2 protein chains.
Amino acid sequence: MAEYIAPLREMQFVMQELAGLEQVAQLPGCEEATADLADAILDEASKFASNVLSPLNWSGDQEGAKWANNAVTMPAGFKSAYQQFAENGWTALACDPEFGGQGLPKILSTPVNEMWKSANMAFSLCPMLTQGAIEALLVAGSDELKQRYLPKMVSGEWTGTMNLTEPNAGSDLAAVRTRAEPQGDGTYKVFGQKIFITYGDHDMVSNTVHLVLARLPDAPEGVKGISLFVVPKFMVNADGSLGARNDAYCVSIEHKLGIHASPTAVMAFGDNGGAIGYLVGQENRGLEYMFIMMNAARFAVGMEGVALAERAYQRARDYAKERIQGTEVGVRGGPKVAIIKHPDVRRMLMSMRSQTEAMRALAYVVAAAMDAAKRHPDEAERAKNQAFADLMIPVVKGWSTEQSIEIASTGVQVHGGMGFIEETGAAQHLRDARITAIYEGTTAIQANDLIGRKMAREGGVTMKAVLGLMQQTLGKLAEAKGEQFAVIRARLAAGVAALTKASEYMVATYGSDIKAAHAGSVPFLKLTGIVAGGWQMARAALIAQAKIDGGDADPFYAAKVVTTRFYADHILTQADGLAESIVAGASGVMALGEDQF
Amino acid sequence: MAEYIAPLREMQFVMQELAGLEQVAQLPGCEEATADLADAILDEASKFASNVLSPLNWSGDQEGAKWANNAVTMPAGFKSAYQQFAENGWTALACDPEFGGQGLPKILSTPVNEMWKSANMAFSLCPMLTQGAIEALLVAGSDELKQRYLPKMVSGEWTGTMNLTEPNAGSDLAAVRTRAEPQGDGTYKVFGQKIFITYGDHDMVSNTVHLVLARLPDAPEGVKGISLFVVPKFMVNADGSLGARNDAYCVSIEHKLGIHASPTAVMAFGDNGGAIGYLVGQENRGLEYMFIMMNAARFAVGMEGVALAERAYQRARDYAKERIQGTEVGVRGGPKVAIIKHPDVRRMLMSMRSQTEAMRALAYVVAAAMDAAKRHPDEAERAKNQAFADLMIPVVKGWSTEQSIEIASTGVQVHGGMGFIEETGAAQHLRDARITAIYEGTTAIQANDLIGRKMAREGGVTMKAVLGLMQQTLGKLAEAKGEQFAVIRARLAAGVAALTKASEYMVATYGSDIKAAHAGSVPFLKLTGIVAGGWQMARAALIAQAKIDGGDADPFYAAKVVTTRFYADHILTQADGLAESIVAGASGVMALGEDQF
């Protein structure tokens with residue numbers, strides 16, 4: 001089975017020429033992030049992804065994580081791969097240097113993380129969740145908690161989990177019922193059950209650090225009464241050595257559609273007297289700390305969409321080049337040809353590729369904005385970049401993941417009957433992709449965040465500013481020569497007009513008829529993704545054309561103009577219909593009574 | 001787990017009021033197909049579907065068909081279910097009365113078959129393939145072959161298979177290499193391997209009748225040298241009793257994404273001296289016979305799309321009504337509500353439902369046309385109906401199956417995290433649906449059939465006639481009162497204009513630039529489905545409104561107008577963008593060199 005090969009040229013282009021690695025490297029604390037270092041890191045990461053993680057992707061899926069006696073055994077090869085992963089320093093890449101991390105900017109860790117996700121998404125969830133737990137402790141943990149837990153989590157010696165969801169609570173964290181009882185000695189006893197806990201238990205490391213949302217006695221009802229606790233699997237002695245087993249057990253794992261190698265645990269805390277926990281930060285502020293980390297987590301899941309789309313594309317492309325079937329259309333009596341010569345196969349590949357490129361372009365640009373938001377010396381610049389990232393993160397998450405499902409499904413289709421056979425590997429990408437639009441907030445949750453918190457709350461100011469940036473790109477397209485750019489400009493202009501119309505509607509309607517706004521929120525998120533992705537593709541095409549005009553013969557640049565043109569004709573053309581559905585389609589959504597369903 | 005409930009009211013409406021059961025009952029040989037008989041049959045079938053087939057759907061998926069020692073064991077319950085299915089006469093429903101069938105028209109067997117597919121698609125494939133084999137024998141078999149095989153296939157005592165595909169041949173039947181050697185006694189010995197053989201072996205009946213494509217010695221190369229043979233699993237003696245085991249064995253079954261209970265066999269013919277076979281019809285005309293049956297088979301797979309969409313909708317709807325999560329949007333501090341109150345959940349359900357209704361409406365109308373094409377006393381009427389069915393069958397097949405994947409995926413999304421858990425059952429529908437757009441000709445094959453054989457070859461005459469019928473419906477919409485119909489009319493008018501533009505482009509381009517035509521063929525098929533489905537929904541809404549205006553208080557009619565309005569605002573709005581991609585999007589599809597992938 002073909003292994004993942006990182007699209008290094010494309011990653012370098014997007015990172016350096018489109019998202020502006022050079023500008024990020026000028027930020028305080030990012031001075032090391034030169035193009036040379038970036039190339040070296042991406043090169044090393046690509047080898048690890050291809051040689052170590054990718055070969056375990058399908059075997060891990062088929063074998064799956066196994067549960068017995070309250071413990072999870074990982075599929076063959078995972079433990080060794082994780083140990084190498086940690087030894088090579090990959091867990092520490094983006095972490096705070098104070099605790100052993102390398103402190104690299106988001107624009108550099110993003111392509112590296114994309115590789116892990118492409119090569120083996122089920123594996124990649126373990127470091128991803130650990131990263132989330134690290135950030136929660138950094139945000140709110142006491143110095144003692146940080147010193148005790150962070151160095152070994154950063155080094156990869158221990159892993160971390162996030163325990164939010166409870167049975168029958170789903171996305172509704174107000175319904176959290178897990179409770180924490182103070183023991184008078186600064187510790188708490190935690191009691192309750194959590195579900196959907198990614199890597200809640202496994203055998204790759206010696207300890208797992210659970211971050212658990214729970215209620216203190218007499219805490220207020222709802223989301224304002226939730227606190228955050230550290231509950232280690234094994235107690236940690238003052239000298240850092242491991243102590244007794246804590247009362248936190250994985251009592252079962254889920255039988256899922258995909259990511260079979262990633263154990264999704266039901267965690268029982270306190271069934272045997274109480275799980276010892278430590279309060280993170282202040283009482284009743286747990287949800288607030290979660291929200292601080294949410295941007296990073298949602299961005300990371302959006303990158304899963306990009307990564308799975310890339311992997312599905314690679315597999316479909318390789319198959320289409322190898323598979324000989326039929327003769328070339330219009331060539332009577334010609335020889336049998338590879339199916340990549342068939343126009344519909346080509347259309348499918350171009351659709352997969354152009355959308356993946358657009359999703360990646362938007363995501364890396366957002367990653368660079370997150371770096372600037374965190375580190376730019378100018379406060380106004382920080383705020384501007386934060387606002388842009390805040391607006392676009394639900395789009396990166398919702399749009400990239402929804403499209404990754406469609407793209408992975410198209411990848412199956414390229415394979416014909418072989419796509420339905422599990423051994424081919426194409427079906428796994430579809431199965432794996434399906435969760436990305438659900439966890440870390442469903443697409444509807446992203447969409448409601450986009451139109452509510454990120455737009456209506458501020459009267460659409462940031463969206464207007466982004467639409468202004470898109471107009472600037474349209475101006476540059478008008479100066480570019482040739483039919484390709486004329487078409488790209490016309491299609492993007494129509495898309496920007498559609499997004500402008502829909503944005504104005506959303507901001508106006510959110511206050512007057514919030515149900516109507518919500519009825520169009522997911523189509524609006526998709527529209528925003530399509531147009532923002534098209535905007536970045538247009539920027540990419542302009543950069544590429546400038547290179548070509550300057551005499552650069554790298555065929556990469558010519559291809560970028562072609563994929564942008566395809567995106568314009570086949571993806572941006574969807575914008576107007578979506579805008580129509582949004583601004584005029586609410587009435588039919590809610591018109592039926594519940595008894596009519 | 002919720003069992004399938006046939007949507008009887010909807011089926012009756014589409015069958016009787018939209019597709020015209022009454023007109024079909026006036027055709028010679030269809031006199032029995034009264035509304036009363038139809039109601040009685042649908043009622044009985046719905047009970048069998050709900051009580052016998054549906055309960056085996058998930059267990060069959062989880063257990064799967066098992067292979068050992070060249071034989072397949074079906075999941076628990078399947079053998080008994082099949083025997084009841086045959087005893088109750090369901091295998092004989094649409095078959096020729098001469099061989100024990102009930103000879104019911106397509107408009108009546110179609111909803112019945114939809115029920116089997118909804119309730120248990122993996123099960124339904126066995127009678128479907130048997131039906132295909134029966135029709136092949138009816139078309140071309142000698143009287144002796146018919147007498148020997150058909151009665152027991154019609155009664156359900158034996159099942160049938162279709163053996164077309166070979167390793168590395170896929171959809172390219174010109175590449176068939178299986179050979180048949182005449183033995184001088186009227187029999188042949190067949191040697192070769194076939195793959196993807198649905199129900200190639202199983203333990204539900206005593207004998208299986210394989211229809212096998214193979215080449216005679218000295219047959220011409222390519223598709224004109226393929227003959228069709230009957231190869232029984234067990235030889236059949238002159239008295240109808242079973243004789244020796246034939247040399248036709250299932251040597252393995254595939255490990256698939258879905259339809260796990262349907263064994264997909266690798267069949268080895270002649271590994272032990274030769275499988276005895278009998279020529280069906282004339283030498284070298286095998287593919288021709290297959291093509292005669294192809295309409296029926298493709299229509300049947302299109303109905304799988306309708307059926308799985310219905311099942312996915314039912315499961316999502318039931319979950320959305322039961323699952324309590326969050327408060328109603330815009331109601332501060334309100335009680336927790338069922339998620340069906342959330343606008344985006346409602347939008348998803350309406351999207352699933354309105355498209356399923358549109359797909360069903362188009363399919364049943366095509367079924368009625370197939371009845372008229374076969375039985376109308378007037379030759380011109382027969383030809384007109386045949387042309388309509390020929391044009392629309394690739395659309396029913398391609399569009400309904402592609403949408404069923406999207407609809408089943410939306411069904412998963414409605415469930416949130418639970419949708420990713422296999423026990424919920426939503427994921428199975430997505431896994432099962434994925435094959436429908438591939439087998440019996442991929443969507444690209446349907447699309448190329450649509451634009452080539454069904455349109456370009458006749459200069460688009462039938463499509464023009466259908467667009468004329470759509471204009472008639474637009475005229476009636478213009479006479480209807482109220483905002484709902486004004487919107488429906490405007491949206492459908494835009495859709496018809498888009499389809500007209502794209503159709504003219506296709507007919508013109510097919511001759512001048514066939515690659516450009518093929519580059520847009522799948523979007524064109526989708527566009528045709530969207531607009532034809534919208535046309536049928538508009539017809540349905542007009543019929544419903546006439547009932548309402550006539551004082552009929554059945555809430556079904558009011559709901560039909562609402563789903564049509566939703567379809568207009570959310571689905572028909574996609575038409576214009578698709579037409580743009582078709583008429584202006586070809587250049588980007590083929591612009592990259594193969595080495596640029």
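**Chat about a two-chain predicted model**

User: Residues 284–450 of chain A: how much is helix and how much is strand, and how far apart are the end C-alpha atoms?
Analyst: That span is 73% helix and 4% strand, and its end C-alpha atoms lie 26 Å apart. Helices (H or I, at least four residues) and strands (E, at least two) are DSSP runs, numbered from the N terminus.

User: What does UniProt list for that stretch?
Analyst: The UniProt record, an unreviewed entry, has "domain: Acyl-CoA dehydrogenase/oxidase C-terminal" at residues 284–450 of chain A. UniProt positions are in the numbering used here, feature names are shortened, and annotations may be inferred rather than shown by experiment.

User: And what should I know about the model and its numbering?
Analyst: It's a predicted model: local features need pLDDT of at least 70, side-chain atom pairs count only at pLDDT 80 or more, and totals for chains, interfaces and linings use all residues. Residues are numbered from 1 along each chain as its sequence is written, chains are lettered from A and ligands numbered from 1 in the order in which they are written, and side-chain values use heavy atoms, leaving out hydrogens and water.

User: OK, what about residues 470–592 of chain A?
Analyst: UniProt places "domain: Acetyl-CoA dehydrogenase-like C-terminal" there, again from an unreviewed entry. The span is 86% helix and 0% strand, with its end C-alpha atoms 39 Å apart.

User: Switching to strands: how do β4 and β5 of chain A pair?
Analyst: Antiparallel, over four bridges, with β4(A) covering residues 179–182. Two strands pair if DSSP finds at least two bridges between them. One of the bridges joins A:Ala180 to A:Val190 in β5(A).

User: What's in the turn?
Analyst: The two strands form a hairpin with five residues between them, and A:Gly184 in the turn has a positive phi of about 85°.

User: Which residue other than glycine has a positive phi in β5?
Analyst: A:Phe196, with phi near 60°. A:Phe196 sits in strand β5 (residues 188–198) of chain A and is partly exposed at 24% relative accessibility. Buried means under 20% relative accessible area, exposed over 50%, partly exposed in between (1.4 Å probe, protein chains only).

User: And B:Asn69, where is that?
Analyst: In the loop between β1 (66–68) and β2 (71–73) of chain B. B:Asn69 has a positive phi near 50° and is exposed, at 72% relative accessible area.

User: Last one: how do the two chains relate?
Analyst: A turn of 180° with a shift of 0.0 Å along the axis lays chain A on chain B with an RMSD of 0.0 Å, so the copies are related as by a two-fold rotation axis. The superposition is by least squares on C-alpha atoms of residues with pLDDT of at least 70 in both.
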